[in-house]
Amino acid sequence: MELLFPLLIVALLVPMFLNVRRQKKALAQTQTLQDSLKIGDEVVTTAGLYARVVLVEDDTVDLEIADGIVTTWSRAVVKEVLPPDSDDLDSDFAGSADVIESDDATPSLEKSTTLEKDASPSSSEETVEQSARRLEKE
C-alpha cells in the first residue's frame with residue numbers, strides 16, 4: 001500500500017512527459033519548415049489556402065494565391081510545403097481561365113454579362129426581373 005501512491009504518480013507523469021517531448025519535436029519540425037521557405041515554394045497555410053511563395057521576409061511571407069494576386073501572411077501560418085510535382089496546385093494558376101473558356105458541359109464560375117429577358121432559363125438562372133415578376137404572382 002505504501003508503494004501505490006508513488007506508482008500512481010509515476011504512471012501519470014510518464015505519459016505527460018512523453019507528450020511534451022512529442023509536442024516539442026513537432027514544433028521544432030514546423031519551425032524548421034517555416035525557416036526553410038524560399039521563393040517559388042508551393043505551400044498550404046493553416047487555413048487551407050494553397051499558394052506560391054513570392055517574397056520571404058523576417059516574420060512574413062508574400063503568397064500568390066492567384067495569377068497576379070499577392071497577399072502578405074505571417075510565416076507561422078505556413079503548415080506544409082508541397083512537393084514540386086504536386087497536382088494540388090496548378091503550376092501557373094491558369095487552370096481557372098481554361099475552364100471558363102472551354103465549351104464543355106462543366107459549370108463555370110464566371111457570371112454572364114448579358115441578360116436575356118425573353119429566354120426561359122431554369123430557376124437557378126433566373127434574372128432579377130423574372131424573380132420580381134414570379135414573386136408578384138405568388
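How many bridges join strand 1 to strand 2, and do these strands run parallel or antiparallel? I began my notes on this predicted model with that point, and I found that strand 1, residues 42-45, is joined to strand 2 by 3 bridges, with the two running antiparallel.

Entry on the first hairpin. I looked up what lies between these strands, and I noted that strand 1 and strand 2 form a hairpin with 4 residues between them, where Gly48 in the turn has a positive phi of about 90°. Across this pair, I found Val44 opposite Tyr50 of strand 2.

Entry on strands 2, 3 and 4. I followed strand 2 onward and saw that 4 bridges join it to strand 3 in an antiparallel manner, that 3 residues lie between them in a hairpin, and that Arg52 stands opposite Glu64 in strand 3. Strand 3 is in turn joined to strand 4 by 6 bridges, again antiparallel, and I recorded Thr72 in strand 4 as the bridge partner of Asp62.

Entry on the whole sheet. I wrote down an open sheet of 5 strands in the order 4-3-2-1-5, with antiparallel pairing. Strand 4 (69-74) and strand 5 (78-81) stand at the edges, and because each has a single partner strand, one side of each is left without a neighbour in the sheet. The twist averages 45° from one strand to the next.

Entry on the core. I looked last at the largest nonpolar core, which has 7 residues: Leu37, Val43, Ala51, Val53, Val61, Leu63 and Val78. The elements that give two or more residues to this core are strand 2 (50-56) and strand 3 (60-66).

Terms used:
Residues are numbered from 1 along each chain as its sequence is written. This is a predicted model: local features need pLDDT of at least 70, side-chain atom pairs count only at pLDDT 80 or more; totals for chains, interfaces and linings use all residues. Side-chain values use heavy atoms; hydrogens and water are left out. A nonpolar core is a set of buried Ala, Val, Leu, Ile, Met, Phe, Trp, Tyr and Cys residues joined through side-chain atoms within 4.5 Å. Buried means under 20% relative accessible area, exposed over 50%, partly exposed in between (1.4 Å probe, protein chains only). Two strands pair if DSSP finds at least two bridges between them. Axes are lines fitted to C-alpha atoms, for helices over the stretch in contact, and angles run from 0 to 180 degrees between N-to-C directions.
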